[in-house]
Amino acid sequence: MTHLRISEAAELLGVSDDTVRRWLDTGRLVAGPDNDGPRTVDAASVAAQMAEHAPVTPAPILQSARNRFPGIVTRVEKDGVMALVEIQAGPHRVVSLMSREAADELGLAPGVPAAATVKATNVVVDVQR
């Protein structure tokens with residue numbers, strides 16, 4: 001299970017660190033394991049929160065044709081050869097089709113922080129390690 005620091009979850013959700021802490025306290029988000037270290041957030045609960053509260057009206061596009069959308073993986077569907085990967089990046093839902101091998105190598109699963117880079121009709125997914 002992937003976990004995020006409170007500040008990372010806050011940035012992805014577009015809220016303050018204190019709001020994330022309140023959401024953890026009220027159960028709106030799921031806390032990571034308590035290992036006597038800094039408090040963390042279950043990344044899958046952040047993904048669910050982002051998908052549930054994504055705006056219906058898309059934001060105006062003010063960028064060039066090459067765009068990078070940092071967000072979190074909300075869905076991965078794999079078959080024998082291909083994988084469909086959905087990323088919720090703020091108000092944007094980006095879907096990428098890639099080889100199953102690439103998705104496996106990247107460790108893509110719901111809750112994994114990732115970014116979709118768009119150029120023309122290709123969407124490239126990268127993860128920070």
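Val81, Met82 and Leu97 make up a nonpolar patch on the surface of this predicted model. Together the three residues have about 310 Å² of accessible area. Leu97 belongs to strand β5, which spans residues 92-99. Its relative accessibility is 62%, so Leu97 counts as exposed, the cut-off being over 50%.

Now step back to the whole chain. The protein chain has 129 residues, and 36% of them count as buried. Its accessible surface is about 7,900 Å². Carbon and sulfur atoms hold 53% of that surface. The secondary structure consists of 4 helices and 7 strands. Read from the N terminus, the order is β-α-α-β-α-β-β-β-α-β-β. Contacts also reach across the sequence. Among those with a separation of 6 or more, 46% link residues 24 or more positions apart.

Turn next to helix α1, residues 6-13. Which of its residues are buried? They are Ile6, Ala9, Ala10, Leu12 and Leu13. Viewed down the axis of α1, these buried residues fall within an arc of 165 degrees, so they line one face of the helix. A general rule of helices helps here. An α-helix has 3.6 residues a turn, so residues three or four places apart point the same way. What covers the buried residues of α1? The cover includes two helices, α2 (17-26) and α3 (43-52). It also includes the strands β1 (3-5), β2 (40-42) and β3 (67-78). Just after α1 comes Gly14, with a positive phi of about 75 degrees.

One of the covering strands, β2, contains Thr40. Is Thr40 buried or exposed? Its relative accessible area is 18%, so Thr40 is buried, as the limit is under 20%. Which residues does Thr40 touch, leaving aside neighbours within four places in sequence? Its contacts are His3, Leu4, Leu24, Ala31, Gly32 and Pro33.

Strand β3 also helps cover α1, and it pairs with other strands. With β4 (residues 82-89), β3 runs antiparallel, joined by 6 bridges. Here Val76 stands opposite Val85 of β4. A hairpin of 3 residues connects β3 to β4. Strand β6 (residues 113-119) is another partner. Again the pairing with β3 is antiparallel, and 6 bridges join the two. In this pair, Phe69 faces Ala116 of β6.

The path ends back at the patch. Met82, one of its members, has the number at which β4 (residues 82-89) begins.

Definitions and conventions: Residues are numbered from 1 along each chain as its sequence is written. This is a predicted model: local features need pLDDT of at least 70, side-chain atom pairs count only at pLDDT 80 or more; totals for chains, interfaces and linings use all residues. Side-chain values use heavy atoms; hydrogens and water are left out. Buried means under 20% relative accessible area, exposed over 50%, partly exposed in between (1.4 Å probe, protein chains only). The arc is that of the directions from the helix axis to the C-beta atoms. Contact means heavy atoms within 4.5 Å. Patches are made of residues with over 30% relative accessible area and no salt bridge: like charges are joined within 9 Å, nonpolar side chains (Val, Leu, Ile, Met, Phe, Trp, Tyr) within 5 Å. Accessible areas come from the Shrake-Rupley method with a 1.4 Å probe; for residues, only the protein chains shown count as cover. A salt bridge is a side-chain nitrogen of Lys or Arg within 4 Å of a carboxyl oxygen of Asp or Glu. Two strands pair if DSSP finds at least two bridges between them.
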